[in-house]
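This report turns to the surface and the overall form of the model shown below. Which features stand out when accessible area, fold and charge are considered together?

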Amino acid sequence: MVVAGVEAKVSRLESIVEQIGEAVLATTETIERLADRVDTLSAQIQEQGKQLQQQGYQILALCDAVQTLAETQDDSLQKLTQLTQTLDRLMALSEESSK
């Protein structure tokens, strides 16, 4: 009878150990899946970071281009103003000559 009681306890302990082992395996698989997901997210975040950096460079280049365009526009406007003034003087001289 004592042997039967010991065997029952051993059997119960074996069952508990088996359940613990299954829980450990399930937990390990879950952790591995989570690690894979974290790796995937990390790679996506790194790619997005690279894209954001590239967009930042593009914005800086665009700002430089707009600034150059504005400076060129200002130079063109000054030259156009000078040309208009010169044409006004020529017209005035022409009108004086024809009188």
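About 9,200 Å² of the protein is exposed in this predicted model, and carbon and sulfur atoms supply 61% of that area. Buried residues account for 0% of the 99 residues.

The secondary structure consists of one helix and zero strands. Because the radius of gyration is 42 Å, well over the 13 Å that the globule rule gives for 99 residues, the protein is more spread out than a compact globule. Along the principal axes, the C-alpha trace spans about 145 × 15 × 10 Å. Helix H1 covers residues 2–98, and both Asp36 and Leu80 have their place in this helix.

Two surface patches are set out in the table, one of them negative and the other nonpolar.

| Patch | Residues |
|---|---|
| Negative | Glu29, Glu32, Asp36 and Asp39 |
| Nonpolar | Leu77, Leu80, Leu83, Leu87, Leu90 and Leu93; about 580 Å² of accessible area together |

Asp36, which belongs to the negative patch alongside Glu29, Glu32 and Asp39, is thus a residue of helix H1, while Leu80, a member of the nonpolar patch, is likewise placed in helix H1.

How far apart are the mean positions of the positive and negative charges of the protein? For the 8 positive and 16 negative charges, these mean positions are 3 Å apart.

Technical notes
Residues numbered from 1 in each chain as written. Predicted model: local features only at pLDDT ≥ 70, side-chain atom pairs only at ≥ 80, totals over all residues. Heavy atoms only, no water. Patch = residues over 30% accessible without salt bridge, like charges linked within 9 Å, V, L, I, M, F, W, Y side chains within 5 Å. Areas by Shrake-Rupley, 256 points an atom, 1.4 Å probe, with all protein chains shown as cover. Salt bridge = Lys/Arg side-chain N within 4 Å of Asp/Glu carboxyl O. Lys, Arg positive; Asp, Glu negative; His and termini not counted. Charge placed at Lys NZ, Arg CZ, Asp CG, Glu CD. Helix = DSSP H or I, 4+ residues; strand = E, 2+ residues; numbered from the N terminus. Rg over C-alpha atoms; globule rule 2.2 N^0.38 Å. Buried < 20%, exposed > 50% of the residue type's maximum accessible area, 1.4 Å probe, protein only.
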